[in-house]
Amino acid sequence: VGLLVLLPVYHRWYDAVLLLPLLALVVNSLMHDRRDGLMLIIALTMLPLLFPLPATLATLHRKGVIPESLHDAWPWQHLVLQHQSWCLLIATLALITWTYRRAVDKPELA
């Protein structure tokens with residue numbers, strides 16, 4: 001639920017605090033089971049959240065480095081510039097799947 005809250009607007013410092021428990025869960029899980037693919041997916045989706053790529057791309061567009069035709073394209077606007085939101089969505093789905101799988105496999109831990 002915490003990750004879904006981040007989807008509409010991404011505020012870097014405030015939201016970083018909400019991502020810390022998830023990071024702790026990922027690190028703890030990977031330390032105990034290095035083969036947990038869902039936790040690896042969550043870890044990989046958190047990497048793009050560490051860098052201000054959308055702001056950098058907007059600055060490059062203002063400076064003329066990124067052509068207008070590319071900037072106005074649908075994939076650029078909805079996939080590239082929104083990559084952090086997509087990563088949060090993927091992380092949320094992976095976390096829900098991981099939680100469900102854990103509840104089914106070990107009901108006493110759920």
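Which residue's side chain meets that of Asp36 in a salt bridge? The points below take up that pair and then its surroundings in this predicted model.

1. The partner is Arg101: its side chain and that of Asp36 form a salt bridge, with 2.9 Å from N to O. The count of salt bridges comes to one.

2. The salt bridge links distant parts of the chain, since its two residues are 65 residues apart. Asp36 sits in the loop between α2 (12–32) and α3 (37–46), while Arg101 belongs to helix α7 (residues 83–105).

3. Are Asp36 and Arg101 buried or exposed? Asp36 has 5% relative accessibility and therefore counts as buried, because buried means under 20%. Arg101, at 36% relative accessibility, counts as partly exposed, because that class covers values between 20% and 50%.

4. Arg101 also takes part in the contact of α3 with α7. On the α3 side, the residues are Leu38, Met39, Ile41, Ile42 and Thr45. On the α7 side, they are Cys87, Ile90, Ala91, Ala94, Leu95, Thr97, Trp98 and Arg101. The residues of this contact divide into ten nonpolar, two polar and one charged.

5. How do α3 and α7 run relative to each other? Their axes come within 9 Å and cross at roughly 160°. The two helices are therefore roughly antiparallel, because angles over 145 degrees are classed that way. The crossing of α3 past α7 is left-handed.

6. A separate residue to check is His61, which lies in helix α4 (residues 53–62). His61 has a relative accessible area of 18% and so counts as buried, the cut-off being under 20%. Leaving aside residues up to four places away in sequence, His61 touches Ile66, Glu68 and His71.

7. For the chain as a whole, there are seven helices and zero strands. From the N terminus on, the order of elements is α-α-α-α-α-α-α. The chain has 110 residues, and buried residues make up 26% of them; Asp36 and His61 are among the buried residues.

8. What share of the contacts between residues at least 6 apart in sequence joins residues at least 24 apart? The share is 62% in this chain. The salt bridge between Asp36 and Arg101 is one example of a link between distant parts of the chain.

Key: Residues numbered from 1 in each chain as written. Predicted model: local features only at pLDDT ≥ 70, side-chain atom pairs only at ≥ 80, totals over all residues. Heavy atoms only, no water. Salt bridge = Lys/Arg side-chain N within 4 Å of Asp/Glu carboxyl O. Helix = DSSP H or I, 4+ residues; strand = E, 2+ residues; numbered from the N terminus. Buried < 20%, exposed > 50% of the residue type's maximum accessible area, 1.4 Å probe, protein only. Axes fitted to C-alpha atoms, helices over the stretch in contact; angles between N-to-C directions. Parallel < 35°, antiparallel > 145°, perpendicular 65-115°, else oblique. Left-handed = near helix turned anticlockwise from the far one by under 90°. Contact = heavy atoms within 4.5 Å. Nonpolar A, V, L, I, M, F, W, Y, C, P; charged D, E, K, R; others polar.
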